[in-house]
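This report concerns strand pairing, burial and internal space in one protein model. The sequence and the structure come before the discussion.

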Amino acid sequence: AKSAFDTKAGELSAQEDVEERIEAPVLLRRLNSSSPGSRSTGDEACGAVGGILFQRINGSAGGSVMVLVSTGGLHRHTRLHTFRSEPSKGSASLSLRSAFSRKREGSGRGSFVDLPGSVDFSDLSSCNDAFALRTETGIYYGTMDRIISSSSSKRGGTGGISDAGMLPYDNGFNSKRDAIVVPTSIGLTPHHFITLTSMNEVRFINRVARRVIQQERVDWMSLSQMSSTDDTVGKGNVPELFMDIRRPDQVWLRKGRSLVHISSSCEDRDVWKYTLMKCIDTGSRRQLKTGETHISRRAHTALSDEKSIDNQFEHAKSLCSNSSQKAVVTAVRAEYHLSNGHVELAAKYMAQCPSTLMPF
């Protein structure tokens, strides 16, 4: 039987599984070296594997397979390992094992990033192309790109990961700044990070705004009274969040024999608004940065930044669910271009606004 995470893996190696049958378990890679090719010591050994993600990458040099592996444990480094196979034009050679083979320089060598602190279990969650890893100090997140350039593969880089960052637990997670609570489990949806604390609090953190927008407490005592068994409140049962990649917006909470559906009734609520606010904030910060740039590069930097900001406005508009929200995005977009001296662009978007917002 396949797990939810094995669905993509089966798709990647469906043809090779028929031709090459594995009669016994095969060791693909030891995850216990401080750097590729170096010898490890007992103190540097990695902890247990907490999660594995697979991704198919397409590029001009051919397709390849990327594998993310999280390792950790108490008094062990929390690490995220990345492996990528050699680009290949034929889909038949794209198997999970190819991501760990070392046929050429750069392929299969792998790399990893050390993350601060240690946790008992390094949860690795995914949603579409995004991933989130639980660490002691925050949630390490990023995107597994499906497209990689040929120049990147020639340099031997693992590639394929973008928009990586750390969301600290003291950034909107806790009401008291001096009390940092490390979640016991995390989840990921298209628009939110989901965390579960030891106090049975479930928090929804918007991925754009980077702040808690909803917080609920699960009453296991009430659930046990409604259930025919008291297994829910057993001391040995640790609650955890889990998801199914076939339903990326759905989240469940499991403890013992109890299963609770905790998904938000409106997963994409206000996402367009948070994205629009990020466009304005990003534009303001880039204006300050451009002002400090050398005059010979200022024009090129400004043009590149404006294209990027315009794409963000377009993305915010795509998240709108009705015409009123789209009109607000268009009006703000027009005001932004007008304040930056782009008169023609401002006039273009002002002409698209309804008369209630632009009465002229």
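Two strands are taken as paired if DSSP finds at least two bridges between them, and strands themselves are DSSP runs of at least two residues, numbered from the N terminus. The model discussed here is predicted. In the hairpin of β10 and β11, four residues lie between the strands, and Asn-200 takes a positive phi near 65°.

**The sheet β9 to β12**

This hairpin belongs to an open sheet of four strands, ordered β9-β10-β11-β12 and paired in the antiparallel sense. Its edge strands are β9 (185-188) and β12 (211-217), each of which pairs on one side only. On average, and with direction ignored, neighbouring strands of the sheet are turned by 20° against each other.

Within the sheet, β10 (residues 192-196) pairs with β11 (residues 201-206) through five bridges, in the antiparallel sense. His-192 has Asn-206 of β11 as its bridge partner, and Phe-193 is partnered by Ile-205 of β11. On the other side, six bridges join β11 to β12, and these two strands run antiparallel. Here the bridge partner of Phe-204 is Gln-214 in β12. β11 and β12 also form a hairpin, with four residues between them; Arg-210 in that turn has a positive phi of about 60°.

Is β11 mostly covered or not? Six of its six residues are buried, so β11 counts as mostly covered, given that buried means under 20% relative accessible area. Glu-201, Arg-203 and Ile-205 point one way from the strand, while Val-202, Phe-204 and Asn-206 point the other way. The buried residues of β11 thus include charged side chains, among them Glu-201 and Arg-203.

**The sheet β5 to β8**

A further open sheet of four strands has the order β5-β6-β7-β8, again with antiparallel pairing. β5 (124-127) and β8 (161-168) stand at its edges; because each has a single partner strand, one side of each is left without a neighbour in the sheet. Neighbouring strands are turned by 20° against each other on average, direction ignored.

β5 and β6 pair over four antiparallel bridges, and Cys-127 has Ala-130 of β6 as its bridge partner. The two strands form a hairpin with two residues between them. Asn-128, in the turn, has a positive phi of about 55°.

β6 (residues 130-134) pairs in turn with β7 (residues 138-144), over five antiparallel bridges. Ala-130 is bridged to Thr-143 in β7, and Arg-134 stands opposite Ile-139 of β7. Ala-130 therefore has a bridge partner in each flanking strand, since Cys-127 lies in β5 (124-127) and Thr-143 in β7. β6 is mostly covered, with five of its five residues buried. Ala-130, Ala-132 and Arg-134 point one way from β6, whereas Phe-131 and Leu-133 point the other way.

The table lists turn residues with a positive phi in the hairpins of both sheets.

| Hairpin | Residues between strands | Residue and phi |
|---|---|---|
| β5 and β6 | two residues | Asn-128, about 55° |
| β10 and β11 | four residues | Asn-200, near 65° |
| β11 and β12 | four residues | Arg-210, about 60° |

**Two buried threonines**

A hairpin of three residues joins β6 to β7, and Thr-135 is found in this loop. Thr-135 counts as buried because its relative accessibility is 0%. A polar atom of its side chain lies 3.4 Å from the backbone nitrogen of Thr-137. The side chain of Thr-135 also has a polar atom 2.5 Å from the backbone oxygen of Gly-138.

Thr-78 is found in strand β3 (residues 78-84). Thr-78 is likewise buried, with a relative accessible area of 0%. Although Thr-78 and Asp-114 are 36 residues apart in sequence, their C-alpha atoms are 6.1 Å apart in space.

**Internal cavities**

How many cavities of 30 Å³ or more are found? The count comes to two. The largest holds about 40 Å³ of space. Its lining consists of His-192, Phe-204, Ile-213, Gln-214, Ser-264, Cys-266, Glu-267 and Arg-269. By class, three of these residues are nonpolar, three are polar and two are charged. The lining includes the bridge partners Phe-204 and Gln-214.

Conventions. Residues numbered from 1 in each chain as written. Predicted model: local features only at pLDDT ≥ 70, side-chain atom pairs only at ≥ 80, totals over all residues. Heavy atoms only, no water. Axes fitted to C-alpha atoms, helices over the stretch in contact; angles between N-to-C directions. Buried < 20%, exposed > 50% of the residue type's maximum accessible area, 1.4 Å probe, protein only. 1 Å grid on protein atoms, 1.4 Å probe; cavity = no way out; pocket = protein on both sides within 12 Å on 5 of 7 lines; lining within 4 Å. Points joined across faces, edges and corners; volume = space filled by probe spheres on them. Polar contact = N/O pair within 3.5 Å; in protein donor to acceptor, adjacent residues only side chain to side chain.
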